[in-house]
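Reader: I'm new to this one and would like to go through it piece by piece. Could you show me the structure, so I can ask how you arrive at your labels?

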Amino acid sequence: MRAKVGTMDVREAVKAAAHYVAELEGPTGGEREDAPDEQILRDIRFAVEGTRYDEQNKRWSIDVGFARPWDQATSSPLAGLAGSMKDNRAFKTVTIDDATGKVLDYGASR
């Protein structure tokens, strides 16, 4: 069963957020520009960290985390020498209008 709160359900809101992140944070240029969202999201190690629906303002807030290629521990041959193989993940919140599905805000998680 899908969790339907407003016009969109949580899965639709998450898909909209993931598509937006893939467009903004995915590698650009060359053959990567036409890569499907799924591949880009795998490459940046995308994950949904949380979802919230604001009933009063009719907006979804989708918290996401990802590691751009240059933030990934495996991208540096010297990463193991530093004693940490942990990604430097970025965390963002994507705010989506429930009625239109458009992204209203994209920024640091709160």
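Reader: Let's start with Asp63: in which strand does Asp63 lie?

Author: Asp63 belongs to strand β2, which covers residues 59-66. Keep in mind that this is a predicted model.

Reader: Why is Asp63 called buried?

Author: The cut-off for buried is under 20% relative accessible area. Asp63 has 15% relative accessibility, so it counts as buried.

Reader: What makes the link between the side chains of Asp63 and Arg52 a polar contact?

Author: The limit is a pair of N or O atoms within 3.5 Å. For the side chains of Asp63 and Arg52 the value is 2.6 Å, so the pair falls inside that limit.

Reader: How far apart are Asp63 and Thr93, in sequence and in space?

Author: In sequence, 30 residues separate Asp63 from Thr93. In space, their C-alpha atoms are 4.4 Å apart.

Reader: Now the sheet. How do you know which strands stand at its edges?

Author: Start with the order: the open sheet has 4 strands, running β1-β2-β3-β4, with antiparallel pairing. β1 (47-54) and β4 (103-108) each have a single partner strand, so one side of each has no neighbour in the sheet, and that puts them at the edges. On average, neighbouring strands here are turned by 15 degrees against each other, ignoring direction.

Reader: What packs on the sheet?

Author: Helix α1 does, touching β1, β2, β3 and β4. The direction of α1 makes about 50 degrees with that of β2.

Reader: How do you know that β2 and β3 pair?

Author: Pairing takes at least two bridges. β2 and β3 are joined by 8 bridges and run antiparallel, so they count as a pair. As one example, Val64 stands opposite Lys92 in β3.

Reader: And what makes β3 and β4 a pair?

Author: The rule of at least two bridges applies here too. There are 5 bridges between β3 (residues 90-97) and β4, again antiparallel, so these strands pair as well. Lys92 stands opposite Ala108 in β4, while Ile96 has Val103 as its bridge partner. In the hairpin of β3 and β4, 5 residues sit between the strands, and Gly101 takes a positive phi near 80 degrees.

Reader: Why is β3 called largely enclosed?

Author: Of the 8 residues of β3, 7 are buried, so the strand is largely enclosed by the rest of the structure. For the chain as a whole, 36% of the 110 residues count as buried.

Reader: Back to the helix. Where is Glu25 found, and why does Glu25 count as buried?

Author: Glu25 is in helix α1, which spans residues 10-25. Its relative accessibility is 11%, which is under the 20% cut-off, so Glu25 counts as buried.

Reader: Which residues does Glu25 touch?

Author: Leaving out residues up to four places away in sequence, Glu25 touches Ile44, Phe66, Arg68 and Tyr106. With Tyr106 there is also a polar contact, side chain to side chain, at 2.8 Å. The limit is 3.5 Å, so that value qualifies.

Reader: What is the overall order of elements along the chain?

Author: The chain has 2 helices and 4 strands, and from the N terminus on they run α-α-β-β-β-β. Among contacts between residues at least 6 apart in sequence, 50% join residues at least 24 apart.

Conventions: Residues numbered from 1 in each chain as written. Predicted model: local features only at pLDDT ≥ 70, side-chain atom pairs only at ≥ 80, totals over all residues. Heavy atoms only, no water. Buried < 20%, exposed > 50% of the residue type's maximum accessible area, 1.4 Å probe, protein only. Polar contact = N/O pair within 3.5 Å; in protein donor to acceptor, adjacent residues only side chain to side chain. Contact = heavy atoms within 4.5 Å. Axes fitted to C-alpha atoms, helices over the stretch in contact; angles between N-to-C directions.
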